[in-house]
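Q: Could you take me closely through the metal site of this protein, and then through the strands and the enclosed spaces elsewhere in the model?

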Amino acid sequence: MHDTTPQIEMRVERFVRERIAPAVERRHVALDVTAWEVPDEPVPFAEAAAQSFTVFKPGTSWSRPWGTTWFRVTGEIPEGWGGPDVALEMVVDLGFSARQPGFQAEGLIYRPDGTIVKGLEPLNNAVPVGPGPVDLYIEAASNPDVGGHYFYLPTPLGDKATAGTEPIYTLRRVDLVERDLTVYGLLQDCRTLAGLMEELEASLPRRAEILRALERMCDVVDPDRVAETAAAGREALADVLASPAYSSAHQVIAVGHAHIDSAWLWPTRETIRKCARTFSNVLALMDEYPDFVFACSSAQQYAWMKEHYPALFERIRRRVAEGRFVPVGGMWVESDTNMPGGEALARQFVYGKGFFLREFGFEPDEVWLPDSFGYTGALPQIARAAGAHAFLTQKISWNETNRMPHHTFWWEGIDGSRIFTHFPPADTYNSDLSGADLARAQRQYAEKGVSNVSLTPFGFGDGGGGPTREMMEAAARTRSLEGSPRVEVGTPQRFFELARETHPAPATWSGEMYLELHRGTYTSQANTKQGNRRSEHLLREAELWSATAAWRGLADYPHETLDDAWRTVLLQQFHDILPGSSIAWVHQEAERNYAAVAAALEPLIDEAQRALAGPGSAPVVFNTAPVAAAGAPALGAAAGPVPARVAPVVADPGWVLDNGVVRAVFDATGLLVSFVEASSGRELVAAGEAAALLQVFRDTPNQWDAWDIDAHYRHTVTELREADAVEATGEALIVRRSFHRSTFTQTFRLAESSPELEIETRTDWQEREKMLKLAFPLAVHADRASSEVQFGHVQRPTHANTSWDMARFETAAHRWVHVGEPGFGAAVANDSTYGHDITRRWAPDGSTVTLVRESLLRAPRFPDPHADQGEHVLRTALRPAPTVLEALDTGYRLNLPVRTVTGGGPVAPLVTVSSTAVVVEAVKLAEDRSGDLVVRLYEARGGRTRARVEVSEPVERAWTTDLLERDAAGLADTVVQSSAWAAGEPIEIAFRPFEIVTLRLRRG
Ligand SMILES: [Zn+2]
């Protein structure tokens, strides 16, 4: 037989596109449209409906970027329309492009009584009408397509002030349509079969069978009478559609989903509307498809619905109760996990799960983070301690260099906690259940032969939109279809049950899951990074001193203010805000939010400290750090004053800062050329090198500007070795440098008896596409570096032996990094940034030099063309540090500077811990407002230890809980007896390496 496959394929493709698809609309008639443009920010329905609307003709342009126009649509249904084989629908084209939904104009459709019908999206633009006259409102949002074609060019569209005022969309049509259900069904048959066929091997009989069936379909459907002959076309395809799946076919649990970025190329105010559109789409689809289920993460997004769309929220609540609208993830938002501090990452679950339990009586069992940019090794323990048993992500499939070897596996954290984990092998969280996506899931699934089930989230995402009826039709046709994976629409729980059942002994991935991409997100948008860091520490201060004052009967605990501040900070940790990858609007708002958090918390801290210090006129030095600082005990206050700074001494040709503990020597240009620990005589600065050296790099990534640092940045460097001025004051050495249009002021200080050299870098940063690093070439032989993460640290090699090590050329650390050799080492701590790189090179004498660099600033131009411009102050500390515990001390002290108030005298800590390896991360009152004290501690060295915890007040009962402060038997082997303790009587606790312990105490 002659092979005419390519000719038949071309014929089928064109016949479906040109004949069948257009025939889905049997007939259409224009509806009447009037409009009202909102002058500025969006308004509620009632306010819009009360305006006077003017006639609006399709073909007319509407709304400037970020504007809103309300359309009112009216019309009669013509005589004779409707019937058993058709659906009556309003079809609207707001000026949609072929780009993905969620990145352009969108709408929300209301009835005249203010109830919501559904959203209006580029690929989901029909709404059922009838039987009576049409009378609907459309709230149309003219959101600009900020990303465009992702050429990463600077764009003014991300800021309302620069986005322009001319209308950007043209209303193309608002029609009443008769949709032919048989033709529609035929079109879906063709799409599924053609999509499957393209994925099958050319040699398979099944592929040829499908091709011949499609050819017969083309023969029997008359292009001039498609509606009349569509049933015959479906008949021609019935046999190939009825042929069941192979018994070994891969099983896909398809979970309805809409990844809605809480902010990104749009501000949060638009996300609120995106949620309303997407969720109302979902509710409408649930009415149409009884087996449709939808998984939705982020308590914040539900909370927005409760506040702004209460009726919609009640409809969601009913579907949640039925198990069809499924809250997943348990976090407040889908946060970044590289940068949020330990306590903040814990609170993502405390506030997220707290909301789900309160509103729905439902607790998600899995962590759902398809899109965050890498996953901290602390997450398995945090997730388990929050009551989760499974984890889902997707993003690691974006790795540039290495491929993750597993799709279903145990993920083991830094402490040894394990969580059952799945990466959807379809490599997308926005699937449309096309033949290509399903085949990819089957082809790539790494556990073949051992297990045979994977999860595929389907629905338009990022900017929302969600699942469509076409996706549900695709799912229905692939339930059991020869050659295709078997598709079942189900919940994540259903998937995880099946996966556990069929794969009882999965492999283990140990440690962090580093994303080999988007390494710039540890540094971009420095003000957002600093805002997060400052806010987390202000919250710690406010909680500690408020709890201390409350347990001593001196003040009420400010639950409301603290809750508000936490929720604000948790929202900014969303995976496009804290990483710095959003438009200017979002980052300006983040900075305002952080300022509001500080304005709310500073008075709380001050009031609590004054209440604790009591009346008097003596300086009282409060230390929030879990380690002693400035003469004050951990978590307590001492009589002041704070230790003075030593004065720089001229040492021609340079200066010296020497306090008898360490000695820092600067040359004539203010470069730190020597830093010696007095007790050991050890030099920290590599011979012939300068530390605290500012370096400027060209920073022009190949793509994803705000997200990415590419390895080629290292090819060009300018070292700022020249000084414009060096000036010694009574307590500091001040060095001024400049580069291009930017200026830098480095201030070096050394306090009496402190091992820490304080380095303040004040920059007026006027560069574009440049990166600023602060370099410390250290005379330390270190195979690996320790970097602080949540509740512990990770160790990463300083070499690039393997492709995995090589790809990790820029890494995230929290307050400190440590490099060491037996008996000696150095710590570099920071108060503002997360980006680091730690490498090794050779000194002329053959010894190794460990180069620690902090990434201080970048200046990407997409999506915010003015990112990082202006003044920044970042603080760093360098010290000799034999172990990570010294690094930890310095990290806390730098981030929690002591505060001096005037008062009566010292304040004893409410909580003290006997072991330096056990760190108090939070002291607060219980979420349930019972007045119980909650103390979160962790083991910080990575070893087993026992510690005594003493509380200054009598304790009636003490017990360990999960992160949500619930009794948690079996959570840890830490058992605390339920008995009474007198004030100061020690409570003994055993810790596993890096174990987090939440200790709950009832006052005696
Ligand atoms: Zn995302």
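A: The zinc ion is held by four protein donors, His259 (NE2), Asp261 (OD), Asp371 (OD) and His575 (NE2), which lie 1.9 to 2.1 Å from it. Donors here are N, O and S atoms within 2.8 Å of the metal (3.2 Å for Na, K and Ca), and since water is not among the atoms, sites may look incomplete. This is a predicted model, in which local features need pLDDT of at least 70 and side-chain atom pairs count only at pLDDT 80 or more, while totals for chains, interfaces and linings use all residues. Residues are numbered from 1 along each chain as its sequence is written, and side-chain values use heavy atoms, with hydrogens and water left out.

Along the chain, the zinc donors follow the spacing H-x1-D-x109-D-x203-H. The 4 donor atoms subtend angles of 90 to 158° around the zinc ion, and the arrangement is therefore irregular. Four donors would count as tetrahedral if all angles lay between 85 and 135 degrees; four count as square planar and six as octahedral if opposite donors are over 155 degrees apart and all others between 65 and 115, and anything else is irregular. Both His259 and Asp261 are buried, where buried means under 20% relative accessible area, exposed over 50% and partly exposed in between (1.4 Å probe, protein chains only).

Turning to the strands, strand 16 (residues 366-369) is covered on both faces, with Glu366 and Trp368 buried on one side and Val367 and Leu369 buried on the other. Helices (H or I, at least four residues) and strands (E, at least two) are DSSP runs, numbered from the N terminus. Strand 16 pairs with strand 17 (residues 390-393) in the parallel sense over 4 bridges, pairing being counted if DSSP finds at least two bridges between two strands. Within this pair, Glu366 has Ala390 of strand 17 as its bridge partner. Between the two strands the chain passes through helix 10 (residues 379-385) in a right-handed β-α-β crossover, meaning that, with the strands pointing away from the viewer, the path from the first strand over the helix to the second runs clockwise.

As for enclosed space, the largest cavity has a volume of about 190 Å³. On a 1 Å grid over the protein atoms alone, a cavity is a set of points where a 1.4 Å probe fits but cannot get out, and lining residues have an atom within 4 Å of a point; grid points are joined across faces, edges and corners, and a volume is the space filled by probe spheres set on the points. Helix 14 gives the largest share of this cavity's lining, 6 residues.

Terms used. 1 Å grid on protein atoms, 1.4 Å probe; cavity = no way out; pocket = protein on both sides within 12 Å on 5 of 7 lines; lining within 4 Å.
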